[in-house]
Protein chains: 2
Amino acid sequence: MLSLGTQAARVLARCENKTAKEVSRPYLGTTRRFARNVEIFGEDEPATHVYRVVSGAVRAFRILHDGRRQIMAFYLPGDLFGLEYGNSHVNSAEAICESQISVSRLSASSGFAPNSADAFPDLWPLARDEWRRMQDHMMLLVRGAEERVAHFLLEMSRRSGTTASVTLPMSRQDIGDYLGLTIETVSRTLTHLEQAGFIALRSSRQIDLCNRSALARSSA
Amino acid sequence: MLSLGTQAARVLARCENKTAKEVSRPYLGTTRRFARNVEIFGEDEPATHVYRVVSGAVRAFRILHDGRRQIMAFYLPGDLFGLEYGNSHVNSAEAICESQISVSRLSASSGFAPNSADAFPDLWPLARDEWRRMQDHMMLLVRGAEERVAHFLLEMSRRSGTTASVTLPMSRQDIGDYLGLTIETVSRTLTHLEQAGFIALRSSRQIDLCNRSALARSSA
DNA sequence: CGTGCTCTTGAGAAATCTCAAGCCCCGTGG
DNA sequence: CCACGGGGCTTGAGATTTCTCAAGAGCACG
């Protein structure tokens, strides 16, 4: 069993209540614009940069053997992404809609050079957030369609910081590929939730959450 | 966007080709014995130790609202587990069968005290392995029953280092809770794989992999 | 006012789950 | 040595959920 020692423990403690959005190291990145469906990075590409969504939205995904696409995560404004545990990307990332992405190089060639003891507390909260999101996502994939969709709506609402209504940047296909459902099932489930009075579809991408507690019960 | 700087980049590079099993910091832990189905740590307990399986097998899981159990990971001899990103455990862990677990305290009170730059390369490969395993697991949950079971058998075979045959320490219920299937579906799928000549069930826990390539095709 | 894309809806097919029964293995005790 | 009992595993049949295939509706854009 490895021992982690005093300083690691202190660093862990320091990270504990810090979220990825609060990581406050200086920004060195340039902001780039990506059009809808344009690739930001691809699977197996060397992971040379880290990214932050300034505006818009991003999907990270993998293509399965049979051509199906599994979306591993959506990233919304403020979210960091693209930092890998290895040298190359395991997922591809694309802009879901017209997006501004802050891109910064991950290497010595940037003028800024903290030692690794400084970098560690930056990396750890990112890893933790990613891990938690993924763990929740995994739990989601073994539940019924209504639970998945209800949970998804609440997650999007929470993450976009809205209360009464949520604007989805992604298509039904994206939602389906994220939840492991077909677009038809996603659509039908939304219709059911509307008929139950839990939500109202202003338009297909604009959804009012009329009854959050009922939604939460559905997602439970 | 945060910058990671030179040393972090070097450290990442150093970690790149290191797996959890190879992490070589000194062991300080004492080896404890856990009987079948005995809890090693529980959800929400403070994460004060790190664990390594010496013999036996461990399941890490969460209980869902409705009483169902989702197994997040199995740990086999040589695997490290229980290291969390926060202060407390998110999963519970139990011995699947009679197991010896090496337990070491994760704090300053252990005599061993590397600085965090030393601890970082220990933590990072662990996080990476865990992340990869989880990502694969997630991809698995959106596929058909036969693919899930075939993949599971190959994974267990690979991880236990055997070639022709695999001995499963866990019950059908454990497998089902890991794969998001019922025990009946797991059982039926194994029967199908046997009828197809891909495997042979010596006993319910002892499975010969007669045709690995066919299995791999099934799991693809 | 078409055209193309996305979304919704329907009906039948397929996969998985649920409920129920029975089997197998193995340890225990007569 | 054999009957008994319990847990784990398998099998079956019908219910349920989700998928597939197909058609049509809504909407933005040229």
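Helices, taken here as DSSP runs of at least four residues, are numbered from the N terminus. The model described in this report is predicted.

**DNA strand C**

Helix 5 of chain A supplies the largest share of the surface near DNA strand C, namely 4 residues. Helix 5 of chain A and helix 5 of chain B are the elements that give two or more residues to this surface. Around DNA strand C there are 18 residues, and those that come nearest are A:Ser187, A:Arg188, A:Thr191, B:Ala145 and B:Thr185. Of the atoms of DNA strand C that come within 4 Å of the protein, 66% belong to sugar and phosphate. By character, the residues of the surface near DNA strand C comprise 3 nonpolar, 8 polar and 7 charged.

**DNA strand D**

For DNA strand D, the largest share of the nearby surface is 4 residues from helix 5 of chain B. Helix 5 (183–195) of chain A and helix 5 (183–195) of chain B each contribute at least two residues to the surface near DNA strand D. The residues around DNA strand D number 18, with A:Thr185, B:Arg172, B:Ser187, B:Thr191 and B:Arg205 coming nearest. Sugar and phosphate make up 64% of the atoms of DNA strand D that come within 4 Å of the protein. The surface near DNA strand D divides into 3 nonpolar, 8 polar and 7 charged residues.

**Polar contacts with the DNA**

The table lists polar contacts made by side chains with the two DNA strands.

| Residue | DNA partner | Distance |
|---|---|---|
| A:Ser187 | phosphate oxygen, DNA strand C | 2.7 Å |
| B:Thr182 | phosphate oxygen, DNA strand C | 3.3 Å |
| B:Glu184 | base nitrogen, DNA strand C | 2.9 Å |
| B:Arg36 | phosphate oxygen, DNA strand D | 3.5 Å |
| B:Ser187 | phosphate oxygen, DNA strand D | 2.7 Å |
| B:Arg188 | base nitrogen, DNA strand D | 2.7 Å |

**A sheet in chain B**

Chain B contains an open sheet of 4 strands, paired antiparallel in the order 2-7-4-5. Strand 2 (39–41) and strand 5 (69–75) of chain B each have a single partner strand and stand at the edges, so one side of each lacks a neighbour in the sheet. On average, and with direction ignored, neighbouring strands of this sheet are turned by 35° against each other. Helix 4 (residues 172–179) of chain B packs on the sheet, where this helix touches strand 4 (58–63) and strand 5 of chain B. The direction of helix 4 makes about 105° with that of strand 5 of chain B.

Strand 2 of chain B is joined by 2 bridges to strand 7 (residues 92–95) of chain B, and these strands run antiparallel. B:Glu39 has B:Glu94, in strand 7 of chain B, as its bridge partner.

Notes: Residues are numbered from 1 along each chain as its sequence is written. Chains are lettered from A and ligands numbered from 1 in the order in which they are written. This is a predicted model: local features need pLDDT of at least 70, side-chain atom pairs count only at pLDDT 80 or more; totals for chains, interfaces and linings use all residues. Side-chain values use heavy atoms; hydrogens and water are left out. Two strands pair if DSSP finds at least two bridges between them. Axes are lines fitted to C-alpha atoms, for helices over the stretch in contact, and angles run from 0 to 180 degrees between N-to-C directions. Contact means heavy atoms within 4.5 Å. A residue is near a molecule or strand if one of its heavy atoms lies within 4 Å of it. A polar contact is a pair of N or O atoms within 3.5 Å; within protein, one must be able to donate a hydrogen and the other to accept it, and residues adjacent in sequence count only if both atoms are side-chain atoms. Ala, Val, Leu, Ile, Met, Phe, Trp, Tyr, Cys and Pro count as nonpolar, Asp, Glu, Lys and Arg as charged, and the others, Gly among them, as polar.
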